[in-house]
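Reader: Before we discuss the labels, please show me the chain. I would like to hear the grounds for each one.

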Amino acid sequence: ATYRVNPNADTKYVVKVTDQYNCSAFDTVDVKTIAGPPLYTSADTGICFGNKVLIKAYGATSYEWIGGPKTAEYNAQPLSTKAIYVKGFAPNGCYLTDSVVVTVAKIPKVSLRADTTICEGVTLDIVANTSDDVAFDWRSGETSKIISVSPKTTTEYKVVVANSTGC
């Protein structure tokens, strides 16, 4: 049989085995604990999809990011929200594991109407079509989803949208 232990201090374990004739035997095992290294990481963070984020570990002698480099710093580019784990090693070979959660926010999508020709003096509504919860920033300085325009010459209209995470 296997018994998994995780002591916080040196501990002696005793096992007693009894057979069908009620005969018993004992054995002991001493488990000594060795201090692991201190291990600290960057705070959990968020990025926009497609971006990279520099995460750091410190306090240990050496590091190994699971699926990444064996350095204290990792320029990670996760495709979805995930915990990124790092092992921090002490000179005695012991290690601790910690993680940084990187939340990946989607980039909002927006579309405008096709290029349009209107007569001078006519007003045209331009709608920023999106199903995302975003803020609108038109080149003209307006901040609503729909702007009404009546240009006197050919004019290009552009809008930038950003969600609450800044994407």
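**Grounds for the labels**

Author: In this predicted model, residues 24 or more positions apart account for 40% of the contacts with a separation of 6 or more.

Reader: Why is the chain called more spread out than a compact globule?

Author: The globule rule gives 15 Å for 167 residues, whereas the radius of gyration is 30 Å, well over that value, so the chain is more spread out than a compact globule. Along the principal axes, the C-alpha atoms fill a box of roughly 105 × 40 × 20 Å. The chain has 13 strands and zero helices. Buried residues make up 23% of the 167 residues.

Reader: How do you know that C48 and C167 form a disulfide?

Author: A disulfide needs cysteine sulfur atoms within 2.5 Å. The sulfur atoms of C48 and C167 are 2.0 Å apart, and the structure holds one disulfide. C48 lies in strand β4 (residues 45-48) and C167 in the segment after β13 (159-162), so the pair links distant parts of the chain, 119 residues apart.

Reader: What makes the disulfide of C48 and C167 left-handed?

Author: The torsion about the S-S bond is about -105 degrees, so the disulfide is left-handed.

Reader: Why are C48 and C167 called buried, and C23 and C94 partly exposed?

Author: Buried means under 20% relative accessible area, and partly exposed lies between that and the exposed class, over 50%. C48 has 14%, so C48 counts as buried. C167 has 10% and is therefore buried too. C23, at 46%, counts as partly exposed, and so does C94, at 21%.

Reader: Why does N22 count as exposed?

Author: The relative accessibility of N22 is 62%, and exposed means over 50%, so N22 counts as exposed. N22 is found in the loop between β1 (11-18) and β2 (24-31). Its phi is near 70 degrees, a positive value in a residue other than glycine.

Reader: What makes a set of residues a nonpolar core, and which members of the largest one touch the most others?

Author: The members must be buried residues of the nonpolar kinds, joined through side-chain atoms within 4.5 Å. The largest core has 15 residues, and I55, W65, I84 and V102 touch the most other members. Two or more residues come from each of β5 (53-58), β6 (62-65), β7 (73-76), β8 (82-89) and β9 (95-105). Beyond its neighbours within four places in sequence, I84 has contacts that include I55, W65, Y74 and V102. A second, separate core of ten residues includes L124, I126, W138 and I147.

How values were computed
Residues are numbered from 1 along each chain as its sequence is written. This is a predicted model: local features need pLDDT of at least 70, side-chain atom pairs count only at pLDDT 80 or more; totals for chains, interfaces and linings use all residues. Side-chain values use heavy atoms; hydrogens and water are left out. Helices (H or I, at least four residues) and strands (E, at least two) are DSSP runs, numbered from the N terminus. Buried means under 20% relative accessible area, exposed over 50%, partly exposed in between (1.4 Å probe, protein chains only). Contact means heavy atoms within 4.5 Å. The radius of gyration is taken over C-alpha atoms; the globule rule is 2.2 Å times the number of residues to the power 0.38.
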